[in-house]
Amino acid sequence: MYNQPDPSNPYAGAYGGYAAYGSSVAGANSTPIQANAPSTNNSTLSGGAGGHYDPHQGYGAQGSYYGQAVALQQPSPIQQQQQQPSSSAPGPAAGSTASPSAYGYGGYGYQGQNTTASAASNAGYLYGKDRAAVAGGGQPGQSSVAPGRAPASNSASAARTSAGYDPYGTTRQASAPQPTALSPYSTSAGTGPAPEGGAYPQPNRTAVPAQQQQQQPAPGNVNSNSSGRDIQRPLARNPPNRVVNVRLVPNPERSIVRNTGSPQEYLTCTNEPPLATDDFIGVDNGNSNTKFFRPSMLCTPAQERLLKDSHVPFGAILAPLSQQLYNKEMVSVVKRSSAPTRCHRCRGYLSCHARWLEMGRKWECPLCEVVNAVPDEEFSNVDGLGRPVSQPDHPELGCGSVEFDVDEFPEYALRGEDGNVLPARPLHHLFLVDISRDAANRFLPDYVEAMRSGLQRMAEVTPECKVSFITFASQLHFYDLRHPDMPQLCVPDVENPFVPLPFTSLCWLEVGADLDRIEKFLDRLTTVAAYADEVECVLGAAVKAATLVLAGQHGGRVIICAHRYPQRGIGSIVPREQHKLYGSDREKELLRPIEGFWTTTASAAAKQQISFDLFMFSSEYAELVTLSNICHVTNGRVFLFKSYDSLVDNTKVAASMRQLLTEEAGYAGILRVRCSTGLHVQRYRGHFFSQTVQDMDLASVTSGSTFFVEFAHESKLEKGNYTHFQAALLYTTRSGHRRVRVHSCRLRVASSLTVLFRNLDVEATLFGFIQDTIAEAVNKGPRQARQSMTDRLIKSFSCYRLYCAADGGNGDYGDTKPLARDKKNTLLMPPRLKLLPVFLLCLMKSDALTEGTVVPIDHRVASIFALVTMPMHKLLTYLYPSLFSLEDLATDPRIGTLVEETGHCVLPQHRQLVFDNVARDGVYVLCDEQTHLVYMWIGSQVPPKLSQLLFNTDDASTVCTANNPGEECFGERLRNVLYALMLREDGMRRLIVLHEGERAEDAFFKELKEEVGTSPMGYDEYLTHIHRTILSSSMGGM
């Protein structure tokens, strides 16, 4: 039952709703693209817009939804004339070299007078993929060992080659295209003399009045057109006078190459995991898949001093039930006649990392190094390599991730407060439905339909689950669902609510067998609301009644919908004067729940294994931080629909409800992480309840539940050894089976800062920064959190500059060092963390931490709640929106077509989020995952030819305006692109069409995160601030 693909599920076949695009040719009968096909507008992006994996491809667009795939079009005569590349384009200078972590004046883009920039070779690398040495003078396709990496041994290389893997453990399917010549993390670097007045001239950002911006033409931007020639294009917004050329600095849309073709495979024992946003298959050969356990460091620091000096989080991302899409990634379920073998000292589970002694009669625990006896019934001889000969028949001895079925062993059963065993049962769902007058008028019909569709799907997936309903408004309403007429019983006492009927025998319905009765009740729910005609909200009394129903049993899940905070009864809330606190030094108080009923109820419910999910349909301040505390402690979810719009939000409600009721999930769980001697777990981060410092109590755990665990040193580790980590989750599945899922990971020990910095994981490090920043925002306020996050980043880069980028090098792991005369003018960044500044800048501009009071406080709380446990495959696109230019549809006929093999749409190339990429004669689409909006911005000077291609009209200014055609005028290829970007696992995104000059276009330009926008810094100024601070601190220490 675990993660098996379901052909009837539209969300299947994609990692959390994302899918691989397939081959670069759209359709079997498509005309092949000629060798001299035009390149994209962004000359730094290599390759055409093939069928590539992208996080914005939702659901796996099916041909039946989009219609038939559009046939490839032959290039027009004008396009054929533009296909010759420009001979004046500068090329790399021969013999130039650069460090992957050093960015000088020419390559990094610091602009000054009399700079003589020298081009550099491609020095970047990504996670063990082959690098073609074209930029350095080699031949395309020639691979080389990544810098900072010792060559793989001949034996290991031969073994992996025989298995179809390269020396780094990566492979591609036969249908996948070959890697491009440029590295996905490649950057050019050059050196030059410092400009007058210091390394960084004072930025000159003279503001231009809005009237002048409309009157005078915007300065021409040097862009590359499809033929590679530099042209002058009128820009929609005036780019500021930047100190740093942001078009050359590390950037997600340029520095990360999107996966092409079939999903990439990698061996989990290699220390080079792909990015979480990439579509990959983790072949478990001894380490847990990084989708389950992703460490922030691919090696363990030998001592605490290294960790303190680096200022980098030492921990791991945990997603124990992460959804797996491929058969090779499925976790094996082991059913044994005896309980799982465990260490008698640390209670760790026997794993593939154990060392076998005395011819297999004993095994040494890799965590605590204690020798344990092997039970007689499990004894097996060992082969010449010291491995049990029965290993192929026992997944726990050969895989990093395994799941044990422990239904028959009482020691793993859930026990009540009296110590008695609570029998496992299928998950029970209790719906608390707001039927007040406001709810009935605004959202109740859509919510009822969402419940209906979700329960119908649940009846197909887990028909043994049970559901029940309690409604509330000014009083509580219970229903005898076993009676033919389903009579209603009202409880007006909302100060001391009680359950007026035997709930267990009369109110629970099995979703498979009693689906007709459930639908009958849902059909009459809107009529019941109209007949009640009650105006108040007693949400606190409803929550109290739910805990009374589920207490003392095996737990359950409560799904709440409400339109405001409770006004009277138990749990009533007096809202705080948020307009006086928001934006002040006391803003942190608005990020903490009000102590009282909601905090005590949350703790009591977590102890009873009761979880809560909240749908809030508020139209005003709802004190969400207090109401969501029960979701935080019980690991539930919060869905905020401010000013609910049925035409836009109904699909989001339906998709969210369906995901809650059908996704891979469990309940009544306990999660513990163990680590090697010399290390210990310092703290956990996420949504959970903890009664001890070693465990996380999870009333609910789903495929999207993500946590962060931090480690600390107890003693110094020996150089050259391995450290081991093991995460064990004991939980009950939806269908009522008790399971233990174990994830084991092994890392080498690093004894120097250079080795440590060369083995960092940017996504796990970013997630660790986010957890610490949010915790500080709640405790000290967002302003202090933003400052502390930047200070920590500066200290980390200062450490790298001081200890890892000094003259001399450090063997195989040393970086290529800049010349001493250029070091002052160069911002040195760890190769693996060079994208960290731009993501942290986007974090500061997100709704969770942005300055000012523009974002409503409830939205800020919801954003913080989501960031704390956001799955990694969503995080990067959540922080850094995706910008696409629809001009690519004119230069590449494959864009907007469907790949017949996969049904996915070929999207345009991504664009950097700067003013330089938005011209008045273009049309652009931007996906904002924070607001769940997709913007399409139409310039005022769109050529008639492009307008005809996209909108079937010569005048783009009339598109989607009053008394003019709307979306029905969109071309077939444009509709395919928009649907691919709007479809998501949590509902359809809303399309906003904007024309240049409209007041609403500010929302579009605000999402260009690398510009200043509403914050005091753009990307270039942020880098300038980091570098100047590092220089001043280094000079002060001299």
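1. His311 counts as partly exposed because its relative accessibility is 27%, where partly exposed lies between buried (under 20% relative accessible area) and exposed (over 50%), with a 1.4 Å probe and protein chains only. In this predicted model, local features need pLDDT of at least 70 and side-chain atom pairs count only at pLDDT 80 or more, whereas totals for chains, interfaces and linings use all residues. Residues are numbered from 1 along each chain as its sequence is written, and side-chain values use heavy atoms, with hydrogens and water left out.

2. The backbone of His311 also deserves a look, since this residue, although not a glycine, has a positive phi of about 60°. Most residues other than glycine have a negative phi. His311 sits in the loop between helix H7 (304-310) and strand E9 (315-318), helices (H or I, at least four residues) and strands (E, at least two) being DSSP runs numbered from the N terminus. Glu358, likewise not a glycine, has a positive phi of about 50°, and is placed in the loop between strand E11 (355-357) and strand E12 (362-364).

3. For the chain as a whole, there are 29 helices and 38 strands, and 60% of the 1038 residues count as buried. Of the contacts (heavy atoms within 4.5 Å) between residues at least 6 apart in sequence, 76% join residues at least 24 apart.

4. Strand E23 (residues 610-616) is largely enclosed by the rest of the structure, because seven of its seven residues are buried. Ile610, Phe612, Leu614 and Met616 point one way from E23, while Ser611, Asp613 and Phe615 point the other way. Strand E22 (residues 556-562) runs parallel to E23 and is joined to it by seven bridges, with Val558 having Phe612 as its bridge partner; strands count as paired if DSSP finds at least two bridges between them. Strand E24 (residues 638-640) is also parallel to E23, through three bridges, and here Met616 stands opposite Leu640.

5. An open sheet of five strands, with mixed pairing, follows the order E33-E32-E34-E35-E38. Its edge strands, each pairing on one side only, are E33 (910-911) and E38 (990-995). Helix H27 (residues 972-982) packs on this sheet, where it touches E32 (882-885), E34, E35 and E38, and its direction makes about 145° with that of E35; axes are lines fitted to C-alpha atoms, for helices over the stretch in contact, and angles run from 0 to 180 degrees between N-to-C directions. Within the sheet, E34 (residues 923-928) and E35 (residues 933-938) pair in the antiparallel sense over six bridges, and Val925 stands opposite Met936 in E35.

6. Glu1001, found in helix H28 (residues 1001-1006), counts as buried because its relative accessibility is 7%. Leaving aside neighbours within four places in sequence, Glu1001 is in contact with Arg237, Trp937, Leu994, His995 and Glu996. The C-alpha atoms of Glu1001 and Trp937 are separated by 7.6 Å, although these residues are 64 residues apart along the chain.

7. The largest nonpolar core (buried Ala, Val, Leu, Ile, Met, Phe, Trp, Tyr and Cys residues joined through side-chain atoms within 4.5 Å) has 168 residues, and those with the most contacts inside it are Leu432, Phe711 and Phe1004. Apart from this core lies another, of 45 residues, among them Phe431, Phe469, Val511 and Ala529. Not counting residues up to four places away in sequence, Phe1004 touches Leu883, Val918, Tyr924, Leu926, Tyr935, Trp937 and Leu994.
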